[in-house]
Every structure is written in structure tokens, then in C-alpha cells.
Amino acid sequence: MSRLIFILGDQLSRDVSSLDRLQAGDVVLMVEVAEETTYVRHHKQKIAFILSAMRHFAEELRAEGIAVDYVPLDAPQNTGSFTGELARAVKRHQATAVVVTEPGEWRVRRMMDDWPEATGVPVEIREDDRFLCSRAEFRAWAGERKSYRMEFFYREMRRRTGLLMEEDAPVGGQWNFDAENRKPLPKDLAIPRRPAFPKDAITSGVIAMVAERFGAHFGDLDDFGWPVTREDALKALDWFIAKGLPRFGDFQDAMAQRDPFLFHALLSPCLNAGLLLAREVCVAAETAYRRGDVPLNAAEGFIRQILGWREYVRGIYWLEMPAYAQTNALKAERPLPWFYWSGETAMNCMARTIHDTRRHAYAHHIQRLMVTGNFALLAGIRPAEIEEWYLIVYADAYDWVELPNVHGMVAFADGGLLASKPYAASGAYIDRMSDYCGGCAYSPGIKTGEGACPFNLLYWDFLARNRDTLARLPRMAMPYRTLDKMPAARVATIRAEAQAFLDGMEKPEAVETKRGQGELFER
């Protein structure tokens, strides 16, 4: 008798529940399948990161003496799907049961429902206890609420975990130091050098395979530098706590052309794949604060992103799916512009962010929310299209974390279930928080006419276009008061110029032609 312990590509942790209580005769199954690499056309670095991390994790388990059956992508009989490979492995090992940790994504959870019939053996699905809030606990917190707010959830999680708490009160006398986390970056401030993670034979082999097999996918491989082992992920965490976190709090919202990363951790790919655990990362930040190594606004701001937002969006995902993905509260129906793939736009902030994303499979949260996300919101891009883009281009993007962040925060497609207002801003915000505008063909200081920043035009057009939906929101009262004070002729000019700009973007037929030519991700 033997059990198959099925480990998915985002479960690369020795602490994952499926590896608990291993028995003699158990075999760990890990598979690389075409379906998972192509259900969207993931960034090349994302595929390379996950497959290299999987292969390294398999070797670590083998070094412990654990039997591992690893099926590479190019195995001759590979069926290309989780279900097909699991069924083959059950026969190969004459397994009597399958144990697996619940997946992160809804579509994979639906697959698991079919596995007992497909394999002919019972399938035990265990809770993923790497998160700090279980799905049941989040459901209990949500209760009968008609909308959810991260701040209240975050406070509850602080109390529950004791992180940054002094008995029943938050350290420093307040829960949230977000107001201290919005400083623009000084031009002469030195950015610390990040550690290098040299490619070993496994990673080099994976990169070569990805380049050959997924060459038409979006993204570059030349600058691949992700940690792909637990050991290297811990080194990346140590570097961030020592070098990045001390200034992270002040400048976490800043953007700069000279360095796309600044003081950010870049740990989310490792967290979401399982190489790091949420609790240990939060504890490391708290410990640094209590030692006096980092200021409170830095530790709190970083912990809030993990203990607050990360746990919060996962809870909403599992509570509201699958209907959540279908909502479109603002009735946004414009196709995704071609320049989201090519970066070919005169808007320097967009061009730089897309270029850096193509090069690194990463952008920090403000670039995602207030540049590429802000434009998609203001332009009325169809939620499903911008959501797919985010899922494709980032190494840390999985449906459970990408969908609520983009659907709820970027597109406001849930009508305010997740956030209390849309994150819309004119060019002034980007100018204040970055140096992008200095090299741009447009000026944030010009509101209409030649050289006017498209974000300025689109911001007021967005408000006017969505008045019936947004004006009722308390946090939107001030911008609507400002809009209402504008002369009607000025509003008409702004809206006409906004429409002309939108009409001037590439037409859907042009994008379809490029798709037909096989150029979708090669440019």
C-alpha cells in the first residue's frame, strides 16, 4: 500500500500540510504540465521561476530520503494536465490514496472534485495552513457584511497574532502609519545593491527550455535573478530586513526610472510559491523593529501588506468566487490597448513600467495600482482583459491574489465590495511620487490642449462618465464637488479631448491583426 502526496507548484514548503505525517511507502508526486504553463501565456520568467523552484524542492525532499516521482514537462508520456498525470501516477505506483493540500485557485479546486473518479482512489484534501487566516475564519469575520474593509480585518489579525501589539493596544498608539509612507524619493538618495542569486545547472536548464518552448510568451529571460530555493529565499529576506526595510516605510509609494525596485522586498514570488512563510516574514520585520533596527512606519507598512492585504484578498477570493470574477460595476468594455504588451506609448510612466515589467516580471504595488492600473481604470478597460494581463506578466501572480487586487482595487469592478473607492488619480499624483513626468511627451501641469497629460483628461472624464455609480460614495464627495465647480464648457472640452485620446489608441482590429501574425508577446 502506498499514498501519493501530490505537491503543486505553489506549495514548495516543507511545512505544507500534505507533507505532514508522512508514512512509510508514501511517494511525493510533482508534475510539470502544459496546461498550467499555458492556460494564460505566462511571462517567461514566471514559468522559469516556478519550474526551477519545483525542481530544486524535489531535490531537497530527496536529500531527506523522501521518495519523489517528478514528471518534467518534456517527459514522453506527459499528458499535459494535473488530472492526467495524477491518474498515471496512481497506476504507476499502485497507490491506494492521494493526499493533497487545497489549491490556491478556484479552477484547480474544481479539478480536484473530479480526481476520485479519474483515479479510482480516495483523495484527501487538506487545509492550507500556511496562511494566517483560514478560509473558515475569514468567512466568520465577514459574516453578513455587505462590503468588506481591509483596515478592520487587519486590526483583527493584529489582535489575533499579537504582531506589533502591546497587550491589547497597537504599538505606537495607532494601527496604521500609511500617512507616513508617501514620501517622494530624493534624487541623491542611494539605493542599496541587491544580492545576486547565480543560476545553477538546474535553473540554467530550465531557462533554456523556457526560451525554446515559450519563446513567443511575453517577457525577457536575460535578467532572471530570482531565488529558487528556500536557502536563497531566506537570504533575500535577510537582505531586505537589513538593507531595504529601514527606508521602505518612507518611500514605499515612490517610483524612479533609475531603479524599479528601490527599497521593496521582492519576496512575493517566494511567498506565493511557498519558499517563505507569511508568519516568518512578518516576525522578521517585527523583530527588526523591536531591536531598534527599523522605524515603526516601515515595519507596520510591510506587515500590513502581508498580514492585512495578502490575507484579506485571499479571504475575499474564496468567499466570493466564482461569481466575483463576473461583475463589471462600471460597465467598462474598452479592449486592452496594444501598448500594454509593447510598451510603445508616449506616456513615459506607462512605457517605463511596462518595460521594467517585461524585463523583470515585477513591478511594485504603486506601479501596478497607480500607473498601469490607474490608466486601465480611467480608460474603462474591460476587467477580464486587464486581469488576464496582470496574471500573465508578474512572477508572483496567482488567481487568488491577482483577481481581487485587480478586479476590486484596480478596476473597481465589484462596485466597492473590497475597497471603499476607486483608486483613480490624475497626472499630478504620478508627478509627485515619481520622476517619470520629466522625460514625458505630456505634462501633468497641462490640463487641456496640446501636451495635456492623458491622465488629467481621463481622470475627469472617468468621474463624469461614472457619476451615477460613484457620486454616492462618501470618499468621492470631494472630487465630485471639484468637478461640479468647473464651467460646463471646460468639462465638455476635457471630455471631448479624453474621447479623442481614447479613440486614437490602437483599434481592436489592429491588435487582432498582430495576434494573427503571431506577434502578441514577441515585441
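Below are some worked exercises on a predicted model of one protein chain.

**Exercise 1: The chain as a whole**

Task: Find how many helices and strands the protein chain has, and decide how its radius of gyration compares with the globule rule.

Solution:
- Start with the secondary structure: there are 22 helices and seven strands in the protein chain.
- Next, take the radius of gyration, which is 24 Å, and set it beside the 24 Å from the globule rule for 523 residues. The two values are close, so the chain is as compact as a globular protein of that length.
- For the overall extent, the C-alpha atoms fill a box of roughly 80 × 60 × 50 Å along the principal axes.
- Then look at burial: 59% of the 523 residues count as buried.
- Turn to the surface, where the chain exposes about 21200 Å², with 51% of it supplied by carbon and sulfur atoms.
- Finally, consider the contacts with a separation of 6 or more: 76% of them come from residues 24 or more positions apart.

**Exercise 2: H8 against H11**

Task: Work out how helix H8 and helix H11 are oriented to each other, and list the residues that make their contact.

Solution:
- Recall that a pair of packed helices is described by the angle between the axes and the distance between them.
- Here helix H8 covers residues 230–251 and helix H11 covers residues 296–320; they pack at an angle of about 95 degrees, with axes 7 Å apart.
- Angles from 65 to 115 degrees count as roughly perpendicular, and H8 and H11 are therefore roughly perpendicular to each other.
- On the H8 side, the contact is made by Phe240, Leu245, Pro246, Phe248, Gly249 and Asp250. On the H11 side, Asn297, Ala298, Ala299, Gly301, Phe302 and Gln305 take part.
- Sorted by class, the contact of H8 with H11 has seven nonpolar residues, four polar and one charged.
- Now zoom in on aspartate 250, which lies in H8. Its relative accessible area is 18%, and buried means under 20%, so aspartate 250 is buried.
- Not counting residues up to four places away in sequence, aspartate 250 touches Glu180, Asn181, Arg182, Lys183 and Asn297.

**Exercise 3: H11 against H16**

Task: Decide how H11 and H16 are oriented to each other, then sort their contact residues by class.

Solution:
- The axes of H11 and H16 cross at roughly 90 degrees and come within 8 Å.
- From that angle, H11 and H16 are therefore roughly perpendicular to each other.
- The H11 residues in this contact are Trp309, Arg310, Val313, Arg314 and Tyr317. They meet Asp399, Trp400, Val401, Leu403, Pro404, Asn405 and Met409 of H16.
- The contact of H11 with H16 divides into eight nonpolar, one polar and three charged residues.

**Exercise 4: The surroundings of H15**

Task: Establish whether helix H15 is enclosed or open, and find the helices its buried residues pack against.

Solution:
- Helix H15 spans residues 383–393, and eight of its 11 residues are buried.
- The buried ones are Pro383, Ile386, Glu387, Trp389, Tyr390, Leu391, Ile392 and Val393.
- With that count, H15 is largely enclosed by the rest of the structure.
- Its buried residues pack against H2 (44–63), H12 (339–342), H13 (348–360), H14 (365–379) and H16 (399–410).

**Exercise 5: Residues in loops**

Task: For lysine 331, alanine 361 and proline 422, decide whether each is buried or exposed.

Solution:
- Lysine 331 is in the loop between H11 and H12. Its relative accessibility is 68%, so it counts as exposed. Although not a glycine, lysine 331 has a positive phi of about 55 degrees.
- That loop between H11 and H12 also holds proline 322, which is joined to methionine 321 by a cis peptide bond with omega about 5 degrees.
- Alanine 361 is in the loop between H13 and H14. A relative accessible area of 0% makes alanine 361 buried. Its phi is positive too, at about 60 degrees, although alanine 361 is not a glycine.
- Proline 422 lies in the loop between H16 and helix H17 (427–433). At 1% relative accessibility, proline 422 is buried.
- Beyond its neighbours within four places in sequence, proline 422 contacts Leu377, Phe412, Phe462, Leu470, Leu473 and Met476.

Note on methods
Residues numbered from 1 in each chain as written. Predicted model: local features only at pLDDT ≥ 70, side-chain atom pairs only at ≥ 80, totals over all residues. Heavy atoms only, no water. Axes fitted to C-alpha atoms, helices over the stretch in contact; angles between N-to-C directions. Helix = DSSP H or I, 4+ residues; strand = E, 2+ residues; numbered from the N terminus. Parallel < 35°, antiparallel > 145°, perpendicular 65-115°, else oblique. Contact = heavy atoms within 4.5 Å. Nonpolar A, V, L, I, M, F, W, Y, C, P; charged D, E, K, R; others polar. Rg over C-alpha atoms; globule rule 2.2 N^0.38 Å. Buried < 20%, exposed > 50% of the residue type's maximum accessible area, 1.4 Å probe, protein only. Areas by Shrake-Rupley, 256 points an atom, 1.4 Å probe, with all protein chains shown as cover.
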